[in-house]
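Good morning. I have a few minutes on one structure, so please look at it first and then I will go through some parts of it.

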Protein chains: 2
Amino acid sequence: MTIDDVDRKLLAALQEDAGQSYAALGEIAGLSAGSAHERVRKLKAAGVIRRTTVDIDPASLGAGVLAFVLLEANAWMGDEPTQQALRDIPAVEEAHIIAGPASVLVKVRTTTTEDLQATLRALHEVDGVTSTQTVVVLESFFERQPAVV
Amino acid sequence: MTIDDVDRKLLAALQEDAGQSYAALGEIAGLSAGSAHERVRKLKAAGVIRRTTVDIDPASLGAGVLAFVLLEANAWMGDEPTQQALRDIPAVEEAHIIAGPASVLVKVRTTTTEDLQATLRALHEVDGVTSTQTVVVLESFFERQPAVV
DNA sequence: GATGAAAAAGTTTGACC
DNA sequence: GGTCAAACTTTTTCATC
């Protein structure tokens with residue numbers, strides 16, 4: 001799909017507040033409400049907008065411990081079972097294959113350090129993982145969504 | 001604010017799809033549409049729900065390069081100007097003070113490796129930063145929102 | 001593609017439990 | 001707190017340009 005500047009304006013506005021009316025969106029993008037609606041419908045159909053969701057404050061739910069964990073492995077970890085094993089651990093928010101010594105970098109968020117320990121144990125038990133190296137976050141400056149450039 | 005199981009059900013359902021009706025939300029949580037509406041209003045007022053937003057596929061916008069950068073610093077980087085300097089770089093999605101050798105871990109997403117290079121240069125120019133260590137992501141398994149437990 | 005207006009659906013309020 | 005229903009607003013469709 002081709003995304004032009006009008007689409008980008010709509011995306012940025014929706015990222016800011018997905019609850020606003022199509023009339024308001026149209027005003028921002030220089031469109032009628034109907035056209036704004038049609039543009040957004042296409043962006044959703046094309047998968048540019050994956051879904052409308054809600055940004056929840058993790059701290060309010062008691063999830064105050066954040067850490068990044070490097071997983072070193074003795075086998076190729078880019079296969080489907082490995083992916084699924086990581087997905088099955090709820091505390092794992094992200095998992096990436098990286099260039100460099102360790103093979104997988106995961107982002108983990110838990111309520112307590114005991115939970116973090118339990119999650120690390122679960123990561124150790126993933127097939128192929130030989131060691132983990134954990135970096136605990138002391139304070140987060142910010143976590144924001146990808147910029148719409 | 002006290003968050004009970006009914007609230008958690010609502011939060012999980014909204015995270016999945018913020019566009020669904022209060023009638024549907026009520027059904028999930030075992031509430032009338034009116035009560036679901038009132039609960040969600042309170043969750044928003046209390047800041048548990050920060051905002052309703054849209055999940056945009058970064059790849060569709062051409063943002064295909066992801067990296068994590070460790071910033072080593074010669075001064076305390078937990079101050080407001082440092083935070084703002086990082087915030088002012090659009091490609092920086094996250095910034096965390098970490099326990100360990102380097103002091104700040106940032107997550108960076110750009111369209112090209114040239115853009116990544118430009119971002120690294122910008123990070124080098126942040127006051128106090130003495131060196132950067134970059135880990136480039138080869139493939140992302142997943143990036144998802146914090147679990148509602 | 002965009003517009004404008006009508007029809008359908010959802011949100012929001014308020015009286016009552 | 002929760003329910004129900006009426007009043008209001010927005011979404012969605014559609015004929016037209």
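**Domains, one helix and a DNA strand**

Chain A is divided into domain 1 (5–45) and domain 2 (58–136), with bounds that come from an automatic or database domain assignment. The C-alpha centres of domain 1 of chain A and domain 2 of chain A are 37 Å apart.

Two notes on conventions. This is a predicted model, in which local features need pLDDT of at least 70 and side-chain atom pairs count only at pLDDT 80 or more, while totals for chains, interfaces and linings use all residues. Residues are numbered from 1 along each chain as its sequence is written, chains are lettered from A and ligands numbered from 1 in the order in which they are written, and side-chain values use heavy atoms, leaving out hydrogens and water.

Now helix α1 of chain A, residues 5–16. Helices here are DSSP runs of H or I with at least four residues, strands are runs of E with at least two, and both are numbered from the N terminus. The expected span is 1.5 Å times one less than the number of residues. For the twelve residues of α1(A) that gives 16 Å, and the end C-alpha atoms are 17 Å apart, which agrees.

At the N-terminal end of α1(A), A:D4 acts as a cap: one of its side-chain oxygens lies 3.1 Å from the backbone nitrogen of A:V6. Which residues of α1(A) are buried? They are A:D7, A:L10, A:L11, A:A13, A:L14 and A:Q15. Buried means under 20% relative accessible area, exposed over 50%, and partly exposed in between, with a 1.4 Å probe and protein chains only. These buried residues pack against α2 (22–29), α3 (33–45) and β1 (49–56) of chain A, together with β1 (49–56) of chain B; contact means heavy atoms within 4.5 Å.

Next, DNA strand D. The residues around it are A:Q20, A:S21, A:Y22, A:H37, B:L31, B:S32, B:S35, B:R39 and B:K42, where near means a heavy atom within 4 Å. Of the atoms of DNA strand D that come within 4 Å of the protein, 90% belong to sugar and phosphate. Helix α3 (residues 33–45) of chain B gives the most to this surface, three residues.

What lies 2.8 Å from a phosphate oxygen of DNA strand D? A polar side-chain atom of B:R39 does. For B:S32, a polar side-chain atom is 2.9 Å from a phosphate oxygen. With A:Y22, a polar backbone atom is 2.9 Å from a phosphate oxygen of the strand.

Methods: Polar contact = N/O pair within 3.5 Å; in protein donor to acceptor, adjacent residues only side chain to side chain.
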